[in-house]
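Opening the notebook on this one. I want to work through the strands and then the place where the chains meet.

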Amino acid sequence: MTTRRHTLIGGGALAVGLLLRPALARATPETMAAAVAAFTKGLQVKPGKVAIDIPPLVENGNSVPLTVSVDSPMTELDHVNAIAVFAEKNPLPNVVTFALTPRSGKAVVSTRIRLGDSQILLVIAQLSDGSFWSQKAELIVTLPACVEVL
Amino acid sequence: MARALINVPATAKKGEAVEIKVLIQHPMETGFRTGPDGKLVPRDIIQRFSCTYDGQEVFAAELHPAVAANPFFAFFTLATASGPLIFKWTDNAGKEESQSADIAVT
């Protein structure tokens, strides 16, 4: 029979277990900066033009729906070449990189990603004129990915 | 053989931007998780995905372990000509798989 005492003891053990959880491998601000620099080749990134659609409160970090759209006419002269997604507190900062062409028609891409912790998601788009535009989204993740044991 | 669900409209008007949805069955094992024996489970991910249509690669993605299991992509392409859209993906062991879907453009 489960009593209130058992529940409390169980809860206490769980709390200790969470505290003793081994430190997870994380990307650092340096590896993040290196990953961003590898994409932008050190060029300046301006804020704007990019819109991120992602739930601000994520219940399960194992599969988070993400939609990125870039304000671009997608013509031969003015289109989006690439879109890169970065997450600073995942084990690796790179998440996914998309390559688009004028034949994409619309600069809208959706996918599902993993998030290792509450963090700020960074999306950078490269336009055909060589300029880079970015947008950030702040997220709270209640159940992060990568912590479950098989 | 990984299975993939591909959703391409059967018909489209010329010049219209059509939405393509792809769901590939794949574990996307990150290589950061430990198995029951305490050892890391080896990484097994799709590294590159591409869509070729009417003689040109219209969409490509480079995947990292942070893409969720059973990768899903939704993207647009302009309907230019009737014919197959060829989807190709390669995993980190270099194994390549592909699947195609037809579209009729009027």
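**Notes on a shared sheet**

I started in chain B, where Ile6(B) has Val22(B) in S3(B) as its bridge partner. This is a predicted model, so I keep that in mind for everything below.

**Entry: the chain B strands**

I looked up how S1(B) and S3(B) run, and they are antiparallel, joined by four bridges. On its way to S6(B), which covers residues 72–78 of chain B, S3(B) again pairs in the antiparallel sense, over seven bridges. One pair I checked there is Glu19(B), which stands opposite Phe76(B) in S6(B).

Next I asked which residues of S3(B), residues 17–24, make up its covered face. They are Val18(B), Ile20(B), Val22(B) and Ile24(B). The uncovered face has Ala17(B), Glu19(B), Lys21(B) and Leu23(B). The background to this is that side chains in a regular strand alternate between the two faces of the sheet. So I can place two residues from my bridge checks: Val22(B), the partner of Ile6(B), is on the covered face, while Glu19(B), opposite Phe76(B), is on the uncovered one.

**Entry: the chain A strands**

Over in chain A, I found S2(A) and S4(A), the latter at residues 64–70, paired in the antiparallel sense over four bridges. Here Ile52(A) stands opposite Val68(A) in S4(A).

**Entry: crossing between chains**

What joins S7(A) to S6(B)? I get antiparallel pairing over two bridges. Ser110(A) stands opposite Ala74(B) in S6(B).

With that link, I could write down the whole order: S2(A)-S4(A)-S7(A)-S6(B)-S3(B)-S1(B), an open sheet of six strands with antiparallel pairing. S2 (50–53) of chain A and S1 (4–7) of chain B stand at the edges; each has a single partner strand, so one side of each is left without a neighbour in the sheet. I also looked up the turn between neighbouring strands of this sheet, and on average it is 15 degrees, direction ignored.

**Entry: the contact between A and B**

I then took the contacts as a whole: 29 residues of chain A are in contact with 29 residues of chain B. On the chain A side, the elements giving two or more residues are S6 (94–100) and S7 (108–113). S6(A) gives the most, with seven residues. By class, I noted 15 nonpolar, ten polar and four charged residues on the side of chain A that touches chain B.

Terms used
Residues numbered from 1 in each chain as written. Chains lettered and ligands numbered in written order. Predicted model: local features only at pLDDT ≥ 70, side-chain atom pairs only at ≥ 80, totals over all residues. Pairing = 2+ DSSP bridges. Axes fitted to C-alpha atoms, helices over the stretch in contact; angles between N-to-C directions. Buried ≥ 20, exposed ≤ 12 C-beta atoms within 10 Å, placed from the backbone. Contact = placed C-beta atoms within 7 Å. Nonpolar A, V, L, I, M, F, W, Y, C, P; charged D, E, K, R; others polar.
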